[in-house]
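User: I am new to this structure and would like to go through it step by step. Could you show it first, and then take my questions in turn?

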Amino acid sequence: MSMDKQLASSELEAGYRSVSKTALVSLILALLSLSYLVSTMLVVLPIAAIGFGLIGLSNIRRFPEELIGRTPARIGLGLSAGLLVLGSSLHIHEYMTEVPEGYRRISFRMLKPDQRTDVPYSDAALELDNQKVFIKGYVRPGTHRTNLKKFILVGDFGSCCFGGSPKITDVVAISLKGDDRVNYGLGQRKFAGVFRLNKKSTPTDEKGVPRVFYQIEVDKIIK
């Protein structure tokens, strides 16, 4: 067989090889991993991209006559690994510097009451009463969604955006001081202010905003 025919035969055989699906998935997930730079909740994307990239390269090595796709697998691996390191560094730096001086970081988990007692609020809430705190959460949509001065803050998307019905101890009533206002959105918001514990909650205040056990009078909106 002539050299030209051998080359043509080789190219024809190569044309029947399939592109590794896992390699392509790795590349796609790596591109989506750019969103991890914005939200820590999306850390699963670069991790998954790395996993698919490794599987893709392994499959290609095992079946070199059947699969191609080393380049997208390697790009997916490299890009996702870089974004994982970069994103983690950015989020760690943000976590270490986001709390204003003089404020204490709190979480919604701290505010959950002890189920073994009859006290309807947590011990931490009792300790935090009248203290300056920092909290992150999501604005719960209500009748009004723009130019909000008073609203409810929740700790997760399920309670905030998908029709969830959070417990009264899973929410914090936010009241902004001065001319500050916020609009409803899917992004996480950060607030610093004075924590108040209402030991006896009432359904609503005079403006129709639910009064709950926990309130924060916000004096700083953290960007």
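User: Is Phe-191 buried or exposed?

Analyst: This is a predicted model, and the answer is a computed value. The relative accessible area of Phe-191 comes to 0%, and a residue counts as buried when that figure is under 20%. Phe-191 is therefore buried.

User: How many aromatic pairs does the structure hold, and how is the pair of Phe-151 and Phe-191 classed?

Analyst: The structure holds three aromatic pairs. In one of them, the ring centres of Phe-151 and Phe-191 lie 5.7 Å apart, with the ring planes at 50°. Planes under 30 degrees apart would count as stacked and those over 60 as edge-to-face, so this pair of Phe-151 and Phe-191 is classed as tilted.

User: Which strands does that pair link?

Analyst: The two residues are 40 residues apart, so the pair links distant parts of the chain. Phe-151, which is buried with a relative accessible area of 4%, belongs to a strand spanning residues 150-154, and Phe-191 to one spanning residues 189-197. The strands linked are S5 and S7.

User: Which backbone oxygen does the side chain of Ser-80 reach?

Analyst: Ser-80 lies in helix H4, and Gly-76 lies in helix H4 as well, which covers residues 70-97. Ser-80 counts as buried because its relative accessibility is 0%, and Gly-76 counts as buried at 0% too. The side chain of Ser-80 comes to 2.6 Å from its partner, the backbone oxygen of Gly-76.

User: Leaving aside residues up to four places away in sequence, which residue touched by Gly-76 is also touched by Ser-80?

Analyst: With those sequence neighbours set aside, Gly-76 touches Ser-26, Leu-27 and Ala-30. On the same terms, Ser-80 touches Pro-46, Ala-49 and Ile-50 along with Ala-30. The residue found in both lists is Ala-30.

User: How far apart in space are Gly-76 and Leu-31?

Analyst: In sequence, Gly-76 and Leu-31 are separated by 45 residues. Taken from C-alpha to C-alpha, the distance between them in space is 7.8 Å.

User: What lines the largest pocket, and how many of the lining residues are charged?

Analyst: The largest pocket, with about 800 Å³ of space, is lined by 30 residues, and those nearest its centre are Thr-40, Met-41, Lys-136, Tyr-138 and Gln-188. Helix H4, strand S4 (132-139) and helix H6 (157-161) each supply at least two residues of this lining. By class, the lining has 13 nonpolar and eight polar residues, and the number of charged residues is nine.

Methods. Residues numbered from 1 in each chain as written. Predicted model: local features only at pLDDT ≥ 70, side-chain atom pairs only at ≥ 80, totals over all residues. Heavy atoms only, no water. Helix = DSSP H or I, 4+ residues; strand = E, 2+ residues; numbered from the N terminus. Buried < 20%, exposed > 50% of the residue type's maximum accessible area, 1.4 Å probe, protein only. Contact = heavy atoms within 4.5 Å. 1 Å grid on protein atoms, 1.4 Å probe; cavity = no way out; pocket = protein on both sides within 12 Å on 5 of 7 lines; lining within 4 Å. Points joined across faces, edges and corners; volume = space filled by probe spheres on them. Nonpolar A, V, L, I, M, F, W, Y, C, P; charged D, E, K, R; others polar. Polar contact = N/O pair within 3.5 Å; in protein donor to acceptor, adjacent residues only side chain to side chain. Phe/Tyr/Trp six-rings, centres within 6.5 Å; stacked < 30°, edge-to-face > 60°.
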